[in-house]
Amino acid sequence: MANQVKSDKDYSQYFQPPSLTDAKKRGKEEIAVHYDFTIPEDMQEFGKDKYYLIRTYGCQMNEHDTEVMKGLLEQMGYQTTEDKYQADVILLNTCAIRENAEDKVFGELGHLKALKAQKPGLVLGVCGCMSQEEAVVNRIMQKHAFVDLIFGTHNIHRLPTLLKDAFYNKEMVVEVWSKEGDIVENLPKKREGIRAWVNIMFGCDKFCTYCIVPYTRGKERSRRPQDVLAEVRDLARQGFQEITLLGQNVNAYGKDFEDITYSFADLMDDIRKIDVPRIRFTTSHPRDFDDRLIEVLGKRGNLVEHIHLPVQSGNTEVLKRMSRKYSRDHYLQLARKIKETMPDVVLTTDIIVGFPGETDEQFDETMSLYEEVGFDFAFTFIYSPREGTPAADMEDNVLMEVKKQRLYRLNELVNKHSKASNERLLGQTVEVLVEGESKNNADVLAGRTRTNKLIHFTGDKSLVGQMVEVEVTHAQTWILKGEIVHKPMKMSI
């Protein structure tokens, strides 16, 4: 494919680069919901005898976006492949949270340049959160002109049309809506395995100073309750054993509804009545975690006893600079309320070390909060600035060596608590959803408990996809080991 833009062509009709300035705006315009999506007739066999490959980086939201793109491509006749030399379409579904994720994508583009030269008919695309960043799109256009297609998170449903443009126009197609689009229902999805993800809302309005997501994913838009419930019921009929509800801030669900009063707690209470063994959600914001939600989660049933509740820092001043909109005391009070209602709950979290201005004393407050809450696990990160965020304009005055020392200390604490938590399960019988073979040993099965702990045990391959009872016999820092039991379960964790 040619990579040069013809000067006499009206390129603006499909060239829509992102704008961070536009993405920051939060208007009152109404979000429409569309139920009439179909693959354009002229694209329904476009991929016949052709293959696609999607490389996915980042969070579960990106994984779910990939499921949608796979569904779209397969309705166009494409078949999946893991062989880049066989692929006719290669899409990189990208993440913008951290700089190293961006580096991986540009590294992969470097590797694909030679393949593109060997196979000019290959359509190479970059999509996802990185595509919503002005600087990234400019860099691709200037230094990776062999890329054929760039599109964002708001216009995935336009993939068939964009692919057609890229194929026939023989020029780079860029369509990245800075202002989020409407909600498009009935998009095809290719789901595999026994677990499914369901988007309940899109976007985020919190604007934490370090985070690019409100710009890349847009303002909060909740799907209608009846659409979410219909999708969950359909997945239950298909036999999925575990469903995870997705959103950048799931417990803000429903706050944008103007015609009904219906919250995330209401949604969870309704989903609780659907015949699916396990319901999870990610991720939640402490500011929006209310008493009514705690009450509903306390009803248990298929609502699991695991809550991922990012805290980011244990110091109120740092939280204020992060614009997290809660204090240390508020978070501790919330954790206490949750534990009073669900004494055996497993809490996990996210923590950033070395945020601009963080002192030794402020970091020590993060360590003490971790101890006080008693988290089972944490995803820990060294702060790195993201262009376009308010924190990027702050003085990054914590030395990298200090950041690394703090991360090391924090990870030591995380490991200690993780192992202690696992050791408390020794001798107990736990409910396990069998996911498949262990990655390291085909003779061993791997599954997860209700609280998302990984456990290995010996069993027949026919158990994959089923719930079994396993007695915990060994407890390591990151993994449990056990033996299948054939007696009534005494405790479910």
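## Strand β4 and its partners

How many bridges pair β4 with strand β5, and in which sense do the two strands run? In this predicted model, β4 and β5 (residues 123–128) are joined by 6 bridges and pair in the parallel sense. If you want a spot to look at, V89 sits opposite V123 of β5. There is also strand β2 (residues 51–56), which runs parallel to β4 and is linked to it by 5 bridges. Here I54 is the residue facing L91 of β4.

Now for how β4 itself is packed. The strand covers residues 89–94, and 6 of its 6 residues are buried, so the rest of the structure largely encloses it. Side chains in a regular strand alternate between the two faces of the sheet. In β4, both faces turn out to be covered. V89, L91 and N93 are buried on one side, while I90, L92 and T94 are buried on the other.

## Over the helix: α3 and E108

Helix α3 (residues 99–118) goes together with β4 and β5 to make a β-α-β unit, and that unit is right-handed. One residue worth a click in α3 is E108.

Is E108 buried or exposed? Its relative accessible area is 14%, and the cut-off for buried is under 20%, so E108 counts as buried. What does the E108 side chain make a polar contact with? The partner is the side chain of R55, at 2.5 Å. Leaving out residues up to four places away in sequence, E108 touches R55, Y57 and L92. L92 is one of the buried residues of β4, and R55 falls within the range of β2, residues 51–56.

## The annotated cysteines

Over to another part of the chain. The UniProt record, an unreviewed entry, puts a "binding site" feature at C204, C208 and C211. C208 lies in the loop that runs between β10 (201–202) and α6 (213–217), and C211 is found in the loop between β10 and α6 too.

Are these two loop cysteines buried or exposed? C208 has a relative accessible area of 7%, so it is buried. C211 comes in at 17% relative accessibility and counts as buried as well. As for what C208 meets beyond its neighbours within four places in sequence, its contacts are H285, M322, S323 and R324.

Definitions and conventions:
Residues numbered from 1 in each chain as written. Predicted model: local features only at pLDDT ≥ 70, side-chain atom pairs only at ≥ 80, totals over all residues. Heavy atoms only, no water. UniProt positions renumbered as here; feature names shortened; annotations may be inferred. Helix = DSSP H or I, 4+ residues; strand = E, 2+ residues; numbered from the N terminus. Buried < 20%, exposed > 50% of the residue type's maximum accessible area, 1.4 Å probe, protein only. Contact = heavy atoms within 4.5 Å. Pairing = 2+ DSSP bridges. Right-handed = clockwise from strand over helix to strand, strands pointing away. Polar contact = N/O pair within 3.5 Å; in protein donor to acceptor, adjacent residues only side chain to side chain.
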